[in-house]
Amino acid sequence: MTEIDATDRKLLRALAEDATQSASALGRKFGLSQPATWRRLRRLQESGVLSRQRLVLDQERLGFGVTVFLGVKLATKGRVSLEDFERAVSAIREVQTVEHVLGLYDYRLRVVARDLADFERVLRRRIMTLPGVGNVEANVLLSEERRPGPI
């Protein structure tokens, strides 16, 4: 486990809010020089704590006004391998995340669609036709509060 001090945590919180901030800007914010900030960020990257930066797109502004979480239970686990299902479902561009979970369902999917009719089309024509799909439960997202996580 990598040693993370209070300053590292401040840097990580700031980057979780806006990963486009430069080492210079972060340094000014926390009273560090640009080289010292850069070295800290580099150490966090090399240790794997800071593994990548991700662009967050506004799905609604891109025309995808509906987000649905699907619980998917595979009908017969022995006939279709988990890898085959994961590969097939990951190829559907409306499926944003594929999570293998423990509980009532085998998978939790985050699916975006233009509207409910578009979601129904994706569900019927793309997801329900995948090999091994058994029971599916849909939960439509009403609102979302994004949190950076425990840092």
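Ala, Val, Leu, Ile, Met, Phe, Trp, Tyr, Cys and Pro count as nonpolar here, Asp, Glu, Lys and Arg as charged, and the others, Gly among them, as polar. By that split, the lining of the second largest pocket holds 6 nonpolar, 4 polar and 5 charged residues. The model is predicted. This briefing covers its cores, its aromatic pair, two strand residues and its pockets.

**Nonpolar cores**

- The largest nonpolar core has 19 residues. Leu70, Val72, Phe85, Leu109, Val111 and Ile127 touch the most other members.
- Four elements give two or more residues to this core: strand S1 (66–74), helix H4 (82–90), strand S3 (107–113) and helix H5 (116–127).
- Strand S1 gives the most, with 5 residues.
- Val72 touches Phe85, Tyr105, Asp106, Tyr107, Leu109, Val133, Asn135 and Val136, leaving out residues up to four places away in sequence.
- A second core is separate and has 9 residues. Leu12, Ala23, Leu26 and Leu41 are among them.

**The aromatic pair**

- A search of the whole structure turns up 1 aromatic pair.
- The partners are Phe85 and Tyr107, with ring centres 4.7 Å apart. Their planes stand at 45°, so the pair is tilted. The tilted class lies between stacked, under 30 degrees, and edge-to-face, over 60.
- Phe85 sits in helix H4 and Tyr107 in strand S3. They are 22 residues apart, and the pair links distant parts of the chain.
- Buried means under 20% relative accessible area. Phe85 has 0%, so Phe85 is buried. Tyr107 is also at 0% and therefore counts as buried.
- Both rings belong to residues that Val72 touches.

**Thr67 in strand S1**

- Thr67 lies in strand S1.
- Its relative accessible area is 10%, so Thr67 is buried.
- Beyond its neighbours within four places in sequence, Thr67 is in contact with Arg110, Val111, Val112, Asn139, Val140 and Leu141.
- Thr67 is also one of the residues nearest the centre of the second largest pocket.

**Val133 in strand S4**

- Val133 belongs to strand S4 (residues 133–140).
- Its relative accessibility is 14%, so Val133 counts as buried.
- Apart from neighbours within four places in sequence, Val133 is in contact with Val72, Lys73, Leu74, Ala75, Phe85, Ile127 and Met128.
- Val133 and Phe30 are 103 residues apart along the chain. Their C-alpha atoms are separated by 51 Å.

**Largest pocket**

- The largest pocket holds about 1,300 Å³ of space.
- It is lined by 31 residues. Closest to its centre are Ala16, Arg54, Leu55, Val56 and Arg146.
- Helix H1 (6–17), strand S2 (95–100) and strand S3 each give two or more residues to the lining.
- Helix H1 gives the most to this lining, with 5 residues.
- By class, the lining divides into 14 nonpolar, 7 polar and 10 charged residues.
- Strand S3 thus appears in two lists: it gives two or more residues to the largest core and two or more to this lining.

**Second largest pocket**

- The second largest pocket holds about 330 Å³ of space.
- Its lining has 15 residues. Gln59, Glu60, Thr67, Leu141 and Glu144 lie nearest the centre.
- Thr67 and Leu141, both in that group, are in contact with each other.

Note on methods: Residues numbered from 1 in each chain as written. Predicted model: local features only at pLDDT ≥ 70, side-chain atom pairs only at ≥ 80, totals over all residues. Heavy atoms only, no water. Core = buried A, V, L, I, M, F, W, Y, C linked by side-chain atoms within 4.5 Å. Buried < 20%, exposed > 50% of the residue type's maximum accessible area, 1.4 Å probe, protein only. Contact = heavy atoms within 4.5 Å. 1 Å grid on protein atoms, 1.4 Å probe; cavity = no way out; pocket = protein on both sides within 12 Å on 5 of 7 lines; lining within 4 Å. Points joined across faces, edges and corners; volume = space filled by probe spheres on them. Phe/Tyr/Trp six-rings, centres within 6.5 Å; stacked < 30°, edge-to-face > 60°.
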